[in-house]
Amino acid sequence: MACTILLLQGGGALGAYQCGAAEALAEAGEAPDWVAGISIGAINAAILAGNAPDRRMTALRTFWERITARQLWAENVSGWLAPRWLNLCSAATIVQTGAPGFFVPRWPSAAMRLPGTPGARSFYDTAPLRETLLELVDFDLLNDGPMRISVGAVNVESGNMTWFDSADMRLTVDHIMASGALPPGFPAVEIDGAHYWDGGMVSNTPLQYVLDVQDGSDDLTIWQVDLWSARGQLPDSVWASESREKDIRFSSRTRMVTDMMRERHAMHQAARRLARRLPEAMRDDPDLRNLMNGERDPHIAIAHLIYRQLPTENGTKDFEFSRRSMEGHWQAGARDTQRTLGHADWQRRGQGQEMIEVFDLSDPDSHSGHGAASQGLAVPEGSSHVATQPLH
């Protein structure tokens, strides 16, 4: 049995890229069984899980068109204002006015309020997001429907990452908002007496969580949709440095996580070989069975989709909520997903002995390992080889 999982990073305005990916998967009949997200990825995940299949893309489109409605003025000046400056002006407008249906600036500003008073902990009020989510997400369907959902947040006082998972508990609008409560812009969200901030502060990609909690019996097809690229050029200005710093800070650590999974698989395989050499009476030892982790490890195929920043984008790209940029991000996500779905390497996945395969096939101009199946990342059953090829 196979399980399809969609992983959605945090990245603010760049999250429209995830919508394009989800749309392409739906059109290809590859709707996920499980969606896990952080920050804007949690919001997109909630809309997907909280709507019937025929309503999902309409609800996503409604959300993204609503939060970019204030930036329609940009269409009237795009012909004479350079794209880079247009992006800066759009981002500046968002800082000053907020995004409809998402957040609004506090007045007076939090900086002018006494510590501990209402509104002193964040520059923006996210009450509009609560109303939008309650309108667009059926939380009964989100909790009881066929699609599992997991969202990550950080406990403000302990600093620990916390995962809210519909397989273990009933999720509410507060759990979704907590995952996207990035300070000092947005306020912490209280849940059962504890306060939570944006999960991206600790880990911006759900990959490790999903691999840790999956039961080991199902083969996994994972679509990891990243909004920040770990690879990039040396910045040539402070403005480029700001953008590059965000890329590094919020990018996924896919290589580290897949290396850990290979080491686990190697340990499981060693335990199974040991069990075959032991007397039958000793093969049911609980510690040995735990080390074996069942009779087989799942085959894991990861399609890694990574948004590539345009030359006209800068450090404001995650809060530049213009309609023009949103449409561009959405189209890029759909295009990259379609390219991966149609790639021969992806279509041949699982045909060899490799137990873990990672593919980055969405960039047609990249080199081996970054536009083709990542060679050296696949580990045959019985092998303890740890790959050394670089990966995002």
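Reader: What does Trp64 touch in this model, not counting residues up to four places away in sequence?

Author: In this predicted model, Trp64 touches Gly12, Ala13, Gly15, Ala16, Cys19, Ile40, Asn44, Phe321, Met326 and Trp330, with residues up to four places away in sequence left out of the count. Trp64 is also, together with Phe102 and Ile149, among the residues that touch the most other members of the largest nonpolar core, which has 69 residues. The element that gives the most to this core is H2, with 8 residues.

Reader: What makes the core that includes Ile5 and Ala36 a second one?

Author: That core, of 19 residues, is separate, and Val210 and Leu211 are also included in it. A nonpolar core is a set of buried residues joined through side-chain atoms within 4.5 Å. In soluble globular proteins, nonpolar side chains tend to be buried together.

Reader: Why is H1 called roughly antiparallel to H3?

Author: The axes of helix H1 (residues 16–27) and helix H3 (residues 56–67) cross at roughly 165 degrees and come within 11 Å. Angles over 145 degrees count as roughly antiparallel, and therefore H1 is roughly antiparallel to H3. The crossing in which H1 passes H3 is left-handed.

Reader: Which residues of H1 and H3 meet, and how do they divide into nonpolar, polar and charged?

Author: From H1 come Ala16, Cys19, Ala22 and Glu23, and they meet Met57, Leu60 and Trp64 in H3. The residues of this contact divide into 6 nonpolar, no polar and 1 charged; Glu counts as charged.

Reader: How do you know whether Ser39 is buried or exposed?

Author: The relative accessibility of Ser39 is 11%, and buried means under 20%, so Ser39 counts as buried. Ser39 lies in the loop between strand S2 (34–38) and helix H2 (40–49), and its phi is positive, about 60 degrees, although Ser39 is not a glycine. Most residues other than glycine have a negative phi.

Reader: Why does Asp192 count as buried or exposed?

Author: Asp192 has 80% relative accessibility, and because exposed means over 50%, Asp192 counts as exposed. Asp192 is placed in the loop between S7 and strand S8 (194–198), and its phi, near 50 degrees, is likewise positive in a residue other than glycine.

Reader: Where are Pro108 and Pro184 placed, and what are the omega values of the bonds that join them to Trp107 and Pro183?

Author: Pro108 is in the loop between strand S3 (104–105) and strand S4 (124–125), and a cis peptide bond with omega of about 0 degrees joins Trp107 and Pro108. Pro184 is in the loop between helix H8 (173–179) and strand S7 (189–191), and the peptide bond from Pro183 to Pro184 is cis, with omega near -5 degrees.

Methods:
Residues are numbered from 1 along each chain as its sequence is written. This is a predicted model: local features need pLDDT of at least 70, side-chain atom pairs count only at pLDDT 80 or more; totals for chains, interfaces and linings use all residues. Side-chain values use heavy atoms; hydrogens and water are left out. Helices (H or I, at least four residues) and strands (E, at least two) are DSSP runs, numbered from the N terminus. Buried means under 20% relative accessible area, exposed over 50%, partly exposed in between (1.4 Å probe, protein chains only). Contact means heavy atoms within 4.5 Å. Axes are lines fitted to C-alpha atoms, for helices over the stretch in contact, and angles run from 0 to 180 degrees between N-to-C directions. Angles under 35 degrees count as roughly parallel, over 145 as roughly antiparallel, 65 to 115 as roughly perpendicular and the rest as oblique. A crossing is left-handed if the near helix is turned anticlockwise from the far one by less than a right angle, and right-handed if clockwise.
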